[in-house]
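Work through the following exercises on cysteine links, taking each solution step by step with the coordinates at hand.

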Amino acid sequence: MLRMSSLVLALGFVVCASPKDDDVPATAATAAAAQTSNKVTLGVEQVASGLDQPVYLTAPANDPRLFIVEQPGRIRIVENGRLLDKPFLDIVSKVGSGGERGLLSVAFHPQYRLNGFLFVNYTNKKGDTQIERYTVSADKNAVDPRSAKPILLIDQPYSNHNGGLNLFGPDGMLYIGMGDGGSQGDPHGNGQNRNALLGKLLRLNVDRGDPYIIPSANPYVKGGGRGEIWALGLRNPWRFSFDRFSGLLYIADVGGDRFEEVDVVPMAIAGVNYGWNAMEGPVCNRSSGCNQTGLQKPALSYATHENSTCAIIGGSVYHGQKIPEITGQYFYSDYCNSWLRSFGFANGRVTDEHEWPVGRLGSISSFGEDSQGELYICTSSGRVYRIIKPPGNPAR
């Protein structure tokens, strides 16, 4: 994501109006934000610019650096407030980029400081999803390009709905978000097909086996479907996240013509069926109706294309130290509208919803989190921002 000429990156939606790049704050100064009912104001602070389609940001545990994924096939480092010229990883020659394809995420192993492992998710030159492991070199700011180890290859029938996120859970397993394979309406029925890896959340143990083993708690480890599957019925889970404090899994699943949704379930529950393509958001996907028995309804949804929206961009639950007033709030956005919203979740329902006016940032392509739990915003303008509490902010 995301120049407007390639607006469909791992989302699958129609082109819509977007703020122009010249509406974006051009300096590292804070963009003002309106005060909300909880007596706190949020703003943003620019931490990097000049990036080539940034689509993800992360960091290893206890590492002050920021690692930013560029869709064409590079990972860049921000160290001591400066964007380094040399990429941490450059696999442009292996990546098929454009539209919804490209290098879409990286996950650092929980024991990265000991083993130096990182796992990338990209679309190869044939258009298929490749999960690959690399190892950092003796230079902490450079990956050893010879260390590439294929982990999983998944055929993609179409160019859209690739999912794209690799993420280690609190259980040490590698989770992989896979879209339904693309086109419109899931024509191959992948979302509900337990023998297909598309339209699923996958869960792998990459610390055992070669290249992995199926974790014993996976729902189909003894049969009935592909063992790698943890959850099914997803359309395009571009971004998902774990809240280690509450034990909840948040999945922002990009919708089609009707609804965008956020699903929230306890992360330990295996085999959750999120409903696609029988359902889209909270309703049946067919005029003839559907059997909703056993299907997980979204915690939150909004109408696709309502008020210039087009594709939900999921973030994370805030547990940083700098803005205690928003602790426990899950942040998300929409690619076309690019508002910043959040909500709490308690007793099985959404609570304490907010919209945070933080200025016009351009189209938001992804959120990110540093090693201290602070949240960041990646934009199609090539800029990355940190969410902050501006000076002089009223106390709660």
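**Exercise 1: a disulfide and its burial**

Cys290 is partly exposed, with a relative accessible area of 24%, where buried means under 20% relative accessible area, exposed over 50%, and partly exposed in between (1.4 Å probe, protein chains only). The model is predicted, so local features need pLDDT of at least 70 and side-chain atom pairs count only at pLDDT 80 or more, while totals for chains, interfaces and linings use all residues. Residues are numbered from 1 along each chain as its sequence is written, and side-chain values use heavy atoms, with hydrogens and water left out.

Task: identify the partner of Cys290 and assign the handedness of the link.

Solution. Begin with the sulfur atoms: Cys290 is joined to Cys284 by a disulfide with an S to S distance of 2.1 Å, the criterion being a pair of cysteine sulfur atoms within 2.5 Å. Next, take the torsion about the S-S bond of Cys284 and Cys290, which is about -80 degrees, so the disulfide is left-handed. Finally, consider the partner's surface: Cys284 is buried, at a relative accessible area of 16%.

**Exercise 2: the other link**

Task: determine how many disulfides the structure holds, and characterise the link of Cys310 and Cys336.

Solution. The structure holds 2 disulfides. Cys310 and Cys336 are joined by a disulfide with an S to S distance of 2.2 Å, and with 95 degrees about the S-S bond this link is right-handed. As for accessibility, Cys310 counts as buried at 0%, and Cys336 likewise counts as buried at 3%.
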